[in-house]
Amino acid sequence: SDAELLARIENTAGAFTALQSRAQAGRLLRDGLQVVIVGRPNAGKSSLLNQLSGQDAAIVTEVAGTTRDILRERIDIDGLQVELIDTAGLREDPDRIEAEGISRAREAMRSADAVLWLQADGDDGAVPPEKFPDGIPILTVRNKIDTSGDAPGVMADGRLNISAKTGAGIGDLQLALRNLAGVADIGEGSFTARQRHLDALQRSRQHFDQGVRALMEARAGELLAEELRLAQAALGEITGQFTSEDLLGRIFSEFCIGK
């Protein structure tokens with residue numbers, strides 16, 4: 001009946017959402033959270049990288065534009081692996097070398113799990129000079145409270161007050177990064193996942209949604225059935241019921257089988 005069919009569709013949509021959430025959290029537990037630190041020159045990005053990593057991984061000076069390239073550092077936050085990526089400061093009129101660093105910063109953002117948008121004094125309410133990628137969580141952090149005199153912690157507008165120089169508010173920032181990864185929500189039923197699992201889930205969800213639209217808009221049950229078949233095939237790439245040559249190539253590329 002129509003009522004039963006609609007109930008099944010609603011239940012399946014909910015199951016997809018829950019499964020994708022657990023798979024994403026599992027992927028982050030397995031591979032770690034990749035966070036790109038962006039902001040204007042001299043916002044304190046390199047100082048923050050050093051503070052979080054506990055070592056002088058990045059050169060820190062008062063000269064704007066010191067960081068010209070991508071710098072990566074892996075840290076551990078209570079069992080969560082986080083890869084921090086320090087980038088060149090974003091501004092409108094960089095020199096030729098710095099412009100290449102900014103281009104790489106924007107490329108890093110497109111493949112990141114989250115963006116840490118670092119502001120400093122004078123940046124309050126400022127609009128980022130670039131467009132952040134769609135669908136990537138943005139954590140806005142206000143630095144240099146050691147000079148402004150503001151208290152550390154989460155502000156009413158959601159921004160986080162810290163001092164990369166003194167370490168004030170760094171504990172709150174670490175907690176915010178864990179929350180971004182969904183670590184607090186991981187419990188029974190969670191599992192580790194690879195990126196290819198997430199891709200297959202996403203393709204399966206797209207087929208399901210497209211089939212539901214065909215049913216609702218054109219009453220085309222046969223199109224729904226075909227989209228559900230394709231959705232099942234995508235899930236079969238995870239369970240092993242279906243493997244294509246391309247998928248086998250991706251799987252074996254992750255292993256050394258020469259010996």
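**View 1. Val-35 faces Leu-84 across a parallel strand pair.** In this predicted model, Val-35 stands opposite Leu-84 in strand 3. Five bridges hold the pairing of strand 1 (residues 33–39) with strand 3 (residues 80–86). The two strands run in the parallel sense.

**View 2. Seven strands build an open, mixed sheet.** The strand order is 2-3-1-4-5-7-6. Strand 2 (71–77) and strand 6 (153–154) are the edge strands. Each of these edge strands pairs on one side only.

**View 3. Strand 4 meets strand 5 in parallel.** Strand 4 covers residues 114–119, and strand 5 covers residues 138–142. Five bridges join them. Within this pair, Leu-118 stands opposite Val-141 of strand 5.

**View 4. Strand 5 also pairs with strand 7.** Strand 7 spans residues 160–161. Two bridges link strand 7 to strand 5, and the pair is parallel. Here Arg-142 is placed opposite Asn-161 in strand 7.

**View 5. Helix 7 runs from residue 221 to residue 239.** Its 19 residues reach 26 Å from the first C-alpha to the last. That is close to the 27 Å expected at 1.5 Å a residue. Buried positions in helix 7 are Leu-224, Glu-227, Ala-231, Ala-234, Gly-236 and Glu-237. An α-helix has 3.6 residues a turn, so residues three or four places apart point the same way.

**View 6. Gly-240 follows helix 7.** Just after the helix, Gly-240 adopts a positive phi of about 95 degrees.

Conventions. Residues numbered from 1 in each chain as written. Predicted model: local features only at pLDDT ≥ 70, side-chain atom pairs only at ≥ 80, totals over all residues. Heavy atoms only, no water. Pairing = 2+ DSSP bridges. Helix = DSSP H or I, 4+ residues; strand = E, 2+ residues; numbered from the N terminus. Expected span 1.5 Å × (residues − 1). Buried < 20%, exposed > 50% of the residue type's maximum accessible area, 1.4 Å probe, protein only.
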